[in-house]
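Colleague: I am new to this structure and would be grateful for a close look at a single part of it. Please choose one residue and describe its surroundings.

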Amino acid sequence: MITKQNFSFYLIAILLFSFLILPFSSAFAANPVSPASGEVLKTLTPELSWSADKDAVKYDIWILKKSKKMFGLYMFLGRSIRDAAETKTKVKTGTLEDNSDYLWTVRTITKSSAIGNFGKTFKFSTAVNPIHQTPQQPTSPDTSADLNTVSGLLAAIKAKFGITMENGTAEWVLSSLRVAYNTLSKLPAKFYSCTKNIQRISTTSLGAGVGGYVNSGDPSRLYMTNLGVNYDLAGIIVHEMTHCFQFNGNYSTAMSWANQFWTARNSYNGQWQPVSAPPTDYGRTNPLEDMAESVKLYVTSASTLKYKDSARYDFVKNYVMNGMEF
Ligand SMILES: [Zn+2]
């Protein structure tokens, strides 16, 4: 039976890996082909092409734009319906803006499904006239850093946050590094200093739906998969960094979280039960995932958490974010 007293043993036993499982799109759908995901474009009217699906009746191309105000959120921008015979379309003038990040995906409509299937999501950034710092960034001492190149961003992240962005079975690209840099720039040193390495991997044997994970045996290093990078890079980095925070000197904070929001109420199986509902379904897994999801929302969607659960919001503000609010 698991009690609060042996909570830490319970956590170590079941949380060798703490990871985030994401919806996994069907393999039977048309996928974006070009521009390659992560590409930085020198045009505002790129041609988007995708793989053919023999069952397609129509293709429905969706473009989402990353909001500069609501950090990390991709907002629906527009769509284009194409015939089954077409596998490319040129983005119309006036659709894209310079120095912005976009995500796109193809919905394949078939005879048997009018709802269709979404394929993979690809991202691209526009940089016709590159800027040296995104306008919403607070001024930082390293204005000399070149934030328009991969090597410049790798150096800036290392210099400013002490974090090494590692290439593993996949490589960091410019658009992802920008998201990582901007995300880290928001966070207090108390939080980001618990993470030393962020490794880019293509997939993991932990499962096809895993977007990122931290191995508690090496709790300063987090891993980001292709799925995680394409799905919600900023959110998953913050989620996984919360595990680095929990495992690197802040275990008592994690215990306080568990004591405040969870209780070993279920005497049948000894499972911890939330006292109040965690803000996401994945947060119901256990107290550490609840905390990681709450910190993620605090950083990427503060008003959502504040409105949904002011107690969790206040805890994150006071004990994780050093009073910083976004
Ligand atoms: Zn997790």
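Modeller: The following account starts from one residue and moves outward to the core. This is a predicted model, in which local features need pLDDT of at least 70 and side-chain atom pairs count only at pLDDT 80 or more, while totals for chains, interfaces and linings use all residues. Residues are numbered from 1 along each chain as its sequence is written.

Leu177 belongs to helix α3, which spans residues 174-186; helices are DSSP runs of H or I of at least four residues, numbered from the N terminus. Leu177 is buried because 24 other C-beta atoms lie within 10 Å; the term requires 20 or more such atoms within 10 Å of the residue's own, with C-beta atoms placed from the backbone. Neighbours within four places in sequence aside, Leu177 is in contact (C-beta atoms, placed from the backbone, within 7 Å) with Val150, Leu153, Leu154, Met165 and Trp172. Leu153 is 24 residues from Leu177 in sequence, yet their C-alpha atoms are 6.5 Å apart.

Ala180 has contacts with Ile157, Met165, Ile198 and Ile237, again leaving aside neighbours within four places in sequence. The largest nonpolar core, a set of buried Ala, Val, Leu, Ile, Met, Phe, Trp, Tyr and Cys residues joined through C-beta atoms within 7 Å, has 52 residues, of which Ile157, Ala180 and Ile237 touch the most other members. Helix α5 (residues 226-247) supplies the largest share of this core, 10 residues. Another core lies apart from it, with 15 residues that include Ala30, Leu48, Trp50 and Trp104.

Notes:
Helices (H or I, at least four residues) and strands (E, at least two) are DSSP runs, numbered from the N terminus. A residue is buried if 20 or more other C-beta atoms lie within 10 Å of its own, exposed if 12 or fewer, and partly exposed in between; C-beta atoms are placed from the backbone. Two residues are in contact if their C-beta atoms, placed from the backbone, lie within 7 Å.
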